[in-house]
Amino acid sequence: WNLFSFPLVPLNFAGFPRGAIRSLYRWDKARRRWVALPEDWTDFEPGEGYWLEATRPFEVTYLGYVPLRDFGSPLSPGEIRPIGVIGLGPLDPSILCRALNATRIYAWEGRWVEYVEGFGGGIKELCPGKAYILERL
C-alpha cells in the first residue's frame, strides 16, 4: 500500500502501468471514509491524498506545473484530511500544522509515523509525491 499525491497538475499523465494496480481510493470528506476510484485512474487533484495498492513496484513520470491553490480551509475539531505537498520542494510539518490548525500529521512508511505539533516526531519534512493525513483533535 502507498499513500501518495500528485505535487503538480499533470499535463500528459497517461495513467499507471497496466497490471500494476489492484485498487485505488480517495477520501470522501462528506462520508468521512475512503472510496474506490473508477478504473480509468487518470483524474487526480494535486494536493489530494490517495491510497494505492500496487501489485509490483513502478514509477510515474509526467510533465506538469505548480497550481495556484492553497491547502484549503483550516481543519475543524475532529476533522481528518488527506493532503499532498504541492510543488517541487519539501515542507516543514510545523508550517502546515499552523496553517491548517492541525494537531497531528500521519505518514505511511510500511507502518504509521506521526508528527505532533509542538512535540515533533518521526516526520521531519513533508515531501512532494507523498500524501499525509492531517488531524485536528
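Author: Before we start, a quick term: a residue is called buried when its relative accessible area is under 20%, exposed when it is over 50%, and partly exposed in between. Also keep in mind that this is a predicted model.

Reader: Okay, let's try that out. Is Cys 97 buried or exposed?

Author: The cut-off for buried is under 20% relative accessible area. Cys 97 has a relative accessible area of 2%, so it counts as buried.

Reader: And how many disulfides does the structure hold?

Author: A disulfide is a covalent bond between the sulfur atoms of two cysteines. Here the sulfur of Cys 97 has its closest cysteine sulfur in Cys 127, 15 Å away, which is too far for a bond. Cys 127 is in no disulfide either. The number of disulfides in the structure is zero.

Reader: What about Cys 127 itself, is it buried or exposed, or something in between?

Author: Buried stops under 20% and exposed starts over 50%. Cys 127 has 25% relative accessibility, so its label is partly exposed.

Reader: Let's move to the rings. How many aromatic pairs are there?

Author: Rings of Phe, Tyr and Trp pair if their centres lie within 6.5 Å. By this rule, the count of aromatic pairs is 21.

Reader: How are the rings of Phe 4 and Phe 44 arranged?

Author: A pair of aromatic rings is described by the distance of the centres and the angle of the planes. For Phe 4 and Phe 44, the centres are 5.9 Å apart and the planes are at 65°. Planes over 60 degrees apart get their own label, and for this pair the label is edge-to-face.

Reader: How many residues apart are those two along the chain?

Author: Phe 4 is in strand β1, while Phe 44 is in the loop between β4 and β5. Both of them are buried. The pair links distant parts of the chain, and the separation is 40 residues.

Reader: Phe 16 and Phe 58 pair up as well; where does each one lie?

Author: Their rings are edge-to-face, 5.7 Å centre to centre with 70° between the planes. Phe 16 is buried at 14% relative accessibility, whereas Phe 58 is partly exposed at 24%. This pair also links distant parts of the chain, 42 residues apart. Phe 16 lies in the loop between β2 and β3, and Phe 58 in the loop between β5 and β6.

Reader: Which residues does Gly 15 touch, beyond those up to four places away in sequence?

Author: Gly 15 is in the loop between β2 and β3 and is partly exposed, at 21% relative accessible area. Its C-alpha atom is 8.9 Å from that of Asp 43, which lies 28 residues away along the chain. Leaving out residues up to four places away, Gly 15 touches Trp 41 and Thr 42.

Reader: Which residues make the nonpolar surface patch?

Author: One member, Leu 11, sits in the loop between β2 and β3. At 58% relative accessibility, Leu 11 counts as exposed. The patch covers about 350 Å², and its makers are Leu 11, Leu 63 and Tyr 65.

Reader: Last one: which residues is Glu 53 in contact with, apart from its neighbours within four places in sequence?

Author: Glu 53 lies in strand β5. With 17% relative accessibility, Glu 53 counts as buried. Its contacts, apart from those neighbours, are Trp 1, Ala 20, Ile 21, Arg 22 and Ser 23.

How values were computed:
Residues numbered from 1 in each chain as written. Predicted model: local features only at pLDDT ≥ 70, side-chain atom pairs only at ≥ 80, totals over all residues. Heavy atoms only, no water. Helix = DSSP H or I, 4+ residues; strand = E, 2+ residues; numbered from the N terminus. Buried < 20%, exposed > 50% of the residue type's maximum accessible area, 1.4 Å probe, protein only. Contact = heavy atoms within 4.5 Å. Patch = residues over 30% accessible without salt bridge, like charges linked within 9 Å, V, L, I, M, F, W, Y side chains within 5 Å. Areas by Shrake-Rupley, 256 points an atom, 1.4 Å probe, with all protein chains shown as cover. Salt bridge = Lys/Arg side-chain N within 4 Å of Asp/Glu carboxyl O. Phe/Tyr/Trp six-rings, centres within 6.5 Å; stacked < 30°, edge-to-face > 60°. Disulfide = S-S within 2.5 Å.
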